[in-house]
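Good morning, and thank you for joining. I should like to take you through one structure, beginning with a helix and ending at a metal site.

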Amino acid sequence: MSTSHDENRDRLSRRRFLSGGFAAGAGARLASPAILRGLAGGAAGTGLLSGAVRAQGNPAAHRFLLGTTEIVVLTDGGLSLPASTVANNVPEEERSAFLAAAGHDTATRASALNVTLIRKDDNLVLVDTGAGMNFFQDAGRLADSFETAGIDREAVTHVVLTHGHPDHVWGIVDDFDESERFPNARYVMGAREWDFWNAEDFLSTQPEILHSFALGAQRNLGAVADKTTRVNADHTVIPGVTMIDTPGHTPGHMSVLVEDGGGQLLVTGDALTHPAVSFERPDWQPSTDQLPEVAAATRRQLLDRAATDGLLLVGYHLPWPGVGRVETKGAAWRYVAEV
Ligand SMILES: [Zn+2]
């Protein structure tokens, strides 16, 4: 098969990445090497994988209504990263003191994977597809969560992809039999984001450290290319569900605004990733943000809008189920979980 070479390369890259082989490549200026060092440390580490996430005993699904629109948050499991990934532009002592004061572990960062489903009229819109089976041991549970929640994956009519990172798009294809997990869905993704990961010259123009991400993205996105609409900001997915531009975490990152009955819900994707740092220290630069300054500007804009307009949020990586609101706190903000 023509794809076998690519798949082998993909697997090889992932294996290198997961075994920490990419750590030797540190030193590039992009924030992304730190992601990979961080993730490699988590994956190859001492069995800490998502222990904290698992210990919360997350149910598979959390449901609520926004007007007449049903929102279902499904878990894809969790990730465990070094706490240092919350900021790479502040001294370690300052970072640890802040995390400790906010009640967070100073060594390990447990990160949830909260996938949002929006049911309105005959539409069932899924925002991101989870990590699939090849990224992290305790991720890739989305299909199980669908089953536990009694929701048929074949009933998903639209899949919106916020960005091309592994924990958001590697769940498109089932690696066991190469089948699509959401076979009846149309896909929607920001055009800039699609173009970034699918660039033909990606491997020769982007740092090697991003190559495994891109190979995985190309494999999964490629499988649904014919049914994917590449869109610009303010695209209406279905009436009441709009994509908004929230760049910085990745070049073309987008979030999803749901409006019904006077209420507004923002599915943030990875524009906000930590319940204390993202809100109270929005200028700290997580090592997972590819364009840190752009991401910080986006965060400030989002937080201001969320606090002013009383938006409800679903944060992909915020503590399960990641549903909450934003309040101002001094010169910054704070996260108020709703559950
Ligand atoms: Zn993510």
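A residue counts as buried here when its relative accessible area is under 20%, and as exposed when that value is over 50%. Please bear in mind throughout that this is a predicted model.

With that cut-off, let us turn to helix α9, residues 211-223. Of its 13 residues, 10 are buried, so α9 is largely enclosed by the rest of the structure. The buried set begins with His 211, Ser 212, Phe 213, Ala 214, Leu 215, Gly 216 and Ala 217, and continues with Arg 219, Asn 220 and Leu 221. From its first C-alpha to its last, α9 reaches 18 Å, close to the 18 Å expected at 1.5 Å a residue.

Helix α4, residues 92-101, offers another pattern of burial. Its buried residues are Arg 95, Ser 96, Phe 98 and Leu 99. These cover an arc of only 160 degrees around the axis, which puts them on the same side of α4. On the face turned away from that buried side, we find the exposed residues Glu 93 and Ala 101.

I now move to the sheets. One open sheet has 7 strands in the order β1-β2-β3-β4-β5-β8-β9, with mixed pairing. At its edges stand β1 (61-66) and β9 (228-231); each has a single partner strand, so one side of each is left without a neighbour in the sheet. On average, neighbouring strands of this sheet are turned by 25 degrees against each other, direction ignored.

Within this sheet, strand β4, residues 123-127, deserves a closer look. Is it covered? Mostly: 4 of its 5 residues are buried. Towards strand β3, residues 108-120, β4 runs antiparallel, and 5 bridges join the two. Thr 116 stands opposite Val 127 of β4. The hairpin of β3 and β4 has 2 residues between the strands, and there Asp 121 takes a positive phi near 50 degrees. Towards strand β5, residues 158-161, the pairing of β4 is parallel, over 3 bridges. In that pairing, Val 125 has His 158 as its bridge partner, and Leu 126 stands opposite Val 159.

Another open sheet of 7 strands follows the order β10-β11-β12-β13-β14-β15-β16, and its pairing is mixed. Here the edges are β10 (236-238) and β16 (332-337), each with a single partner strand, so one side of each is left without a neighbour in the sheet. Neighbouring strands of this sheet are turned by 35 degrees against each other on average, direction ignored. Inside it, β13 (residues 263-269) and β14 (residues 312-315) pair in the parallel sense over 4 bridges. Leu 266 has Leu 313 of β14 as its bridge partner.

Finally, the metal. Which residues coordinate the zinc ion? They are Asp 167 through OD, His 168 through NE2, Asp 270 through OD and His 317 through NE2, at 2.1 to 2.2 Å. Along the chain, these donors follow the spacing D-H-x101-D-x46-H. Asp 167 lies in helix α6 (residues 166-169), whereas His 317 lies in the loop between β14 and β15 (323-329); the pair, 150 residues apart, links distant parts of the chain. Asp 167 and His 317 are both buried. As for geometry, the angles among the 4 donor atoms run from 85 to 172 degrees, and the site is irregular. For reference, the ideal angle for four tetrahedral donors is 109.5 degrees.

That concludes the presentation, and I welcome discussion.

Technical notes:
Residues are numbered from 1 along each chain as its sequence is written. This is a predicted model: local features need pLDDT of at least 70, side-chain atom pairs count only at pLDDT 80 or more; totals for chains, interfaces and linings use all residues. Side-chain values use heavy atoms; hydrogens and water are left out. Two strands pair if DSSP finds at least two bridges between them. Axes are lines fitted to C-alpha atoms, for helices over the stretch in contact, and angles run from 0 to 180 degrees between N-to-C directions. Donors are N, O and S atoms within 2.8 Å of the metal (3.2 Å for Na, K and Ca); water is not among the atoms, so sites may look incomplete. Four donors count as tetrahedral if all angles lie between 85 and 135 degrees; four count as square planar and six as octahedral if opposite donors are over 155 degrees apart and all others between 65 and 115; anything else is irregular. Buried means under 20% relative accessible area, exposed over 50%, partly exposed in between (1.4 Å probe, protein chains only). The expected span of a helix is 1.5 Å times one less than its number of residues. The arc is that of the directions from the helix axis to the C-beta atoms.
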